[in-house]
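Student: I've got a model open and I'd like to learn how to read its surface. Can you walk me through it?

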Amino acid sequence: MDGLPVFIPVTDADVRRKLDEARGDVVKLREMIEELQGHVENQGILLRALFLLVQEKHGITEAELLDRFRTALGERAPPKMCFSCGRSVNLKFQRCMYCDKPQPVTSAFELV
């Protein structure tokens, strides 16, 4: 049933408009998901290329990479808090969504 339109008889014009808007939102969200999946695939390809380059130049093995990855997973940093209002901050936006203050970035990995 996924992807098939669902027909619901609607008589109220306002309800019909809201339903049409919701359908449009679903289409937009599906497009966004598809775009994000493409980004994730490209990032995977880039990471593989970077690892092959590091492996070639420095002789690092996949086992060493996996070990370092597992260590890093266990050392995840706590969420960053806004220096102004103290709420949790998503650094991809570099601003607090609550108080709109810019947030200083201290590591390139905060932007990933």
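Tutor: Start with the nonpolar patch on the surface, and keep in mind that this is a predicted model.

Student: Which residues form the nonpolar patch on the surface?

Tutor: Leu46, Leu47, Leu50 and Leu53. Together they have about 390 Å² of accessible area.

Student: Let me take one of them. Where is leucine 47, and is it buried or exposed?

Tutor: Leucine 47 sits in helix 1. Its relative accessibility is 59%, so it counts as exposed; the cut-off for that word is over 50%.

Student: Okay, on to charges. What's the general idea with salt bridges?

Tutor: Side chains of opposite charge can pair when their charged atoms come close. For the yes-or-no call here, a side-chain nitrogen of Lys or Arg has to be within 4 Å of a carboxyl oxygen of Asp or Glu.

Student: How many salt bridges are found in the whole structure?

Tutor: The search turns up 6. A good one to click on is aspartate 14 with arginine 17, where the closest N and O atoms are 2.6 Å apart. Aspartate 14 also forms a salt bridge with lysine 18, and there the closest N and O atoms are 3.5 Å apart.

Student: Why are aspartate 14 and arginine 17 separated by about one helical turn?

Tutor: Because they are 3 residues apart in helix 1, which covers residues 13–58. Aspartate 14 and lysine 18 are 4 residues apart in helix 1, so they too are separated by about one helical turn.

Student: And how accessible are aspartate 14, arginine 17 and lysine 18?

Tutor: Aspartate 14 has a relative accessible area of 35%, so it is partly exposed. Arginine 17 is partly exposed as well, at 40%, and lysine 18 is partly exposed at 49%.

Student: Could you show me another pair in helix 1?

Tutor: Try arginine 23 and aspartate 20, whose side chains meet in a salt bridge at 3.6 Å, N to O. Both lie in helix 1, 3 residues apart, about one turn of the helix. Arginine 23 is partly exposed, with a relative accessible area of 38%, and aspartate 20 is partly exposed at 45%.

Student: Which residues are joined into one network by salt bridges that share partners?

Tutor: Asp14, Arg17, Lys18 and Glu21. You've already met part of that network: Asp14 has a salt bridge with Arg17 and another with Lys18.

Note on methods: Residues numbered from 1 in each chain as written. Predicted model: local features only at pLDDT ≥ 70, side-chain atom pairs only at ≥ 80, totals over all residues. Heavy atoms only, no water. Helix = DSSP H or I, 4+ residues; strand = E, 2+ residues; numbered from the N terminus. Buried < 20%, exposed > 50% of the residue type's maximum accessible area, 1.4 Å probe, protein only. Patch = residues over 30% accessible without salt bridge, like charges linked within 9 Å, V, L, I, M, F, W, Y side chains within 5 Å. Areas by Shrake-Rupley, 256 points an atom, 1.4 Å probe, with all protein chains shown as cover.
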